[in-house]
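Open your viewer, load the model and keep the selection tool handy. We'll go stop by stop, picking something to select each time.

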Amino acid sequence: QVQLVESGGGLVQPGGSLRLSCAASGNIFSINRMGWYRQAPGKQRELVAIVTRGGSTNYADSVKGRFTISRDNAKNTVYLQMNSLKPEDTAVYYCNAVVGGNMYWGQGTPVTVSS
């Protein structure tokens, strides 16, 4: 019903920046909330940030002050601006959307922070 496609991941040095994008398609008329999760090697998937249609946001403590989530409703796209990246941020980042009580996931885009 909803397809999410992430892009923007890659290799970056510590202290660098990346911007992830997630484009939604399909039955996107009722997307209420979108967010980013990440899963580091050998770890559980964890919430990174959430943004509602109205623009309210919530962040994991580990990324507050460094990451910014935003949403372009006209483009049906959510972004994650990641600054001051740390090696601990290395993970596969997944886009998430809530539509009519259902959750949808993107395929994930890997982010590697290493010198």
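Where is the place of Ser 56? Select Ser 56 and you'll land in the loop between strand 5 and strand 6, the latter covering 57-59. Before going further, bear in mind that you're looking at a predicted model.

**Around Ser 56**

With Ser 56 still selected, check how much of the residue shows: its relative accessibility is 43%, so it counts as partly exposed. Now bring up its contacts. Leaving out residues up to four places away in sequence, Ser 56 touches Ile 50 and Val 51. Try a distance next: from the C-alpha of Ser 56 to the C-alpha of Ser 70 is 9.1 Å, with their positions 14 residues apart in sequence.

**Zoom out to the whole chain**

Switch to cartoon view. How many helices and strands does the protein chain have? There are zero helices and eleven strands, so the pattern along the sequence reads β-β-β-β-β-β-β-β-β-β-β. The radius of gyration is 13 Å, close to the 13 Å that the globule rule gives for 115 residues, so the chain is as compact as a globular protein of that length. If you draw a box around the C-alpha atoms along the principal axes, it comes out at roughly 40 × 25 × 20 Å.

Now turn on the surface. The chain exposes about 5,900 Å², and carbon and sulfur atoms supply 47% of that. Buried residues account for 44% of the 115 residues. Colour by charge and you should find 11 positive and 6 negative side chains, with the centres of the two sets 5 Å apart. As for contacts between residues at least 6 apart in sequence, 54% of them join residues at least 24 apart.

**Into the core**

Hide the surface and select Leu 4, Met 34, Trp 36, Leu 80, Met 82 and Tyr 93. These are the residues with the most contacts inside the largest nonpolar core, which has 32 residues. Several strands give two or more residues to this core, among them strand 1 (2-7), strand 4 (31-39), strand 8 (77-82) and strand 11 (109-113). Which strand gives the largest share of this core? That's strand 9, with five residues.

Keep Met 34 and drop the rest. Not counting residues up to four places away in sequence, Met 34 touches a long list that includes Leu 4, Cys 22, Ala 49, Ile 69, Val 78 and Cys 95. Asn 96 and Ala 97 are also among the residues it touches.

**A buried serine**

Select Ser 21, which sits in strand 3. Is Ser 21 buried or exposed? At 16% relative accessibility, Ser 21 counts as buried, because the cut-off for buried is under 20%. Show what Ser 21 touches, again skipping residues up to four places away in sequence: Val 5, Glu 6, Ser 7, Trp 36, Thr 77, Val 78 and Tyr 79.

**The loop between strand 2 and strand 3**

Go to Pro 14, in the loop between strand 2 (10-12) and strand 3. Pro 14 is partly exposed at 41% relative accessibility. Leaving aside neighbours within four places in sequence, its contacts are Leu 85, Pro 87, Val 113, Ser 114 and Ser 115. Add Glu 88 to the selection: Pro 14 and Glu 88 are 74 residues apart in sequence, yet 9.6 Å apart in space, C-alpha to C-alpha.

Ser 17 is in the loop between strand 2 and strand 3 too, and counts as partly exposed at 39% relative accessibility. With neighbours within four places in sequence set aside, Ser 17 is in contact with Val 12, Gln 81, Met 82, Asn 83, Ser 84 and Leu 85. Now pick Met 103, which is 86 residues from Ser 17 along the chain; their C-alpha atoms are separated by 28 Å.

**Two positive phi angles**

Finish with a look at the backbone. Select Asn 76, in the loop between strand 7 and strand 8. Its phi is near 50°, a positive value in a residue other than glycine. Asn 76 is partly exposed, with a relative accessible area of 26%.

Then hop to Ser 84, in the loop between strand 8 and strand 9. Ser 84 has a positive phi of about 50° although it is not a glycine, and is partly exposed with a relative accessible area of 42%. You may recognise Ser 84 from the Ser 17 stop, where it was one of the contacts.

Technical notes: Residues are numbered from 1 along each chain as its sequence is written. This is a predicted model: local features need pLDDT of at least 70, side-chain atom pairs count only at pLDDT 80 or more; totals for chains, interfaces and linings use all residues. Side-chain values use heavy atoms; hydrogens and water are left out. Helices (H or I, at least four residues) and strands (E, at least two) are DSSP runs, numbered from the N terminus. The radius of gyration is taken over C-alpha atoms; the globule rule is 2.2 Å times the number of residues to the power 0.38. Buried means under 20% relative accessible area, exposed over 50%, partly exposed in between (1.4 Å probe, protein chains only). Contact means heavy atoms within 4.5 Å. Accessible areas come from the Shrake-Rupley method with a 1.4 Å probe; for residues, only the protein chains shown count as cover. Lys and Arg count as positive and Asp and Glu as negative; His and the chain ends are not counted. The place of a charge is taken as NZ of Lys, CZ of Arg, CG of Asp or CD of Glu. A nonpolar core is a set of buried Ala, Val, Leu, Ile, Met, Phe, Trp, Tyr and Cys residues joined through side-chain atoms within 4.5 Å.
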